[in-house]
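The following exercises concern helix packing, backbone geometry and nonpolar cores. Please work through each task before consulting its solution.

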Amino acid sequence: MSKVRHEIEAEYRQLQQRLLARHGETARYEAGDENFGAEYARLLQAADELLAFEKTIPAKLAEPERQLSERIVRISWLGQTAVALALIVLTFALGHSAWWLVVLVPHCIATLSLSFQKVTDKNHRFYRHLTIGLHLECLLVALITLSVISLWFVILAIIGWLVLAVTVSEGSGDAVKKGQSR
């Protein structure tokens, strides 16, 4: 993080120095001078560049954390897709009924589709925390499929899927609303 912060500070200082240099150049001329207008326009351009850069600082500071969250989310969801595929294969290898596919195929499709969620600087922590619920849900599905726990826990698994789906849709909607309000 300190490397990113140092790079941002260096670029910020460079833009400030450019603005100060433009100010010095502009101050050399009087308001009625023929070169004043061009120098003043350059001063305003340097000020606009500095202000535009200042607006990007929070996103630049959050970028390393966002990238880590994106890797965690992507690996978690794709990993759970692989687990779901393995459970589908195990269902047939263990001689379980094909009805287990009613549980496993939607689980596999959901984890695969959600592995491509957009992780932004505004919602990366939300999705990182959501993976904990995903892992608990996948553990529950695996235990049910392998007959370690009672089949009645399918009800809990369905409730878990619904909670995850609602949470993802609300979290995506909140991130979109926050992005629009800025």
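**Exercise 1: An unusual backbone angle**

Determine where Serine 147 is found and how its phi angle is to be described.

Solution. In this predicted model, Serine 147 lies in the loop between helix 4 (124–145) and helix 5 (154–181). Its phi is positive, about 60°, although Serine 147 is not a glycine. For context, most residues other than glycine have a negative phi. Finally, Serine 147 has a relative accessible area of 48%, which classes it as partly exposed.

**Exercise 2: Packing of two helices**

Establish at what angle the axes of helix 2 (residues 36–93) and helix 3 (residues 101–114) cross, and classify the arrangement.

Solution. Step one: the two axes come within 8 Å and cross at roughly 160°. Step two: angles over 145 degrees count as roughly antiparallel, so helix 2 is roughly antiparallel to helix 3. Step three: the crossing is left-handed. Step four: helix 2 contributes residues including Trp77, Ala84 and Ile88 to the contact, while helix 3 contributes, among them, Leu104, Cys108 and Thr111. By class, the contact has 14 nonpolar, 5 polar and no charged residues.

**Exercise 3: Nonpolar cores**

Identify which members of the largest nonpolar core touch the most other members, and which helix gives the most to this core.

Solution. The largest core has 14 residues, of which Leu87, Trp100, Val103, Leu104, Val141, Ile144 and Ala157 touch the most other members. Helices 2, 3, 4 and 5 each supply at least two residues, and helix 4 gives the most, with 4 residues. A second, separate core of 10 residues includes Trp77, Leu114, Leu130 and Cys138.

Technical notes. Residues are numbered from 1 along each chain as its sequence is written. This is a predicted model: local features need pLDDT of at least 70, side-chain atom pairs count only at pLDDT 80 or more; totals for chains, interfaces and linings use all residues. Side-chain values use heavy atoms; hydrogens and water are left out. Axes are lines fitted to C-alpha atoms, for helices over the stretch in contact, and angles run from 0 to 180 degrees between N-to-C directions. Angles under 35 degrees count as roughly parallel, over 145 as roughly antiparallel, 65 to 115 as roughly perpendicular and the rest as oblique. A crossing is left-handed if the near helix is turned anticlockwise from the far one by less than a right angle, and right-handed if clockwise. Contact means heavy atoms within 4.5 Å. Ala, Val, Leu, Ile, Met, Phe, Trp, Tyr, Cys and Pro count as nonpolar, Asp, Glu, Lys and Arg as charged, and the others, Gly among them, as polar. Buried means under 20% relative accessible area, exposed over 50%, partly exposed in between (1.4 Å probe, protein chains only). A nonpolar core is a set of buried Ala, Val, Leu, Ile, Met, Phe, Trp, Tyr and Cys residues joined through side-chain atoms within 4.5 Å.
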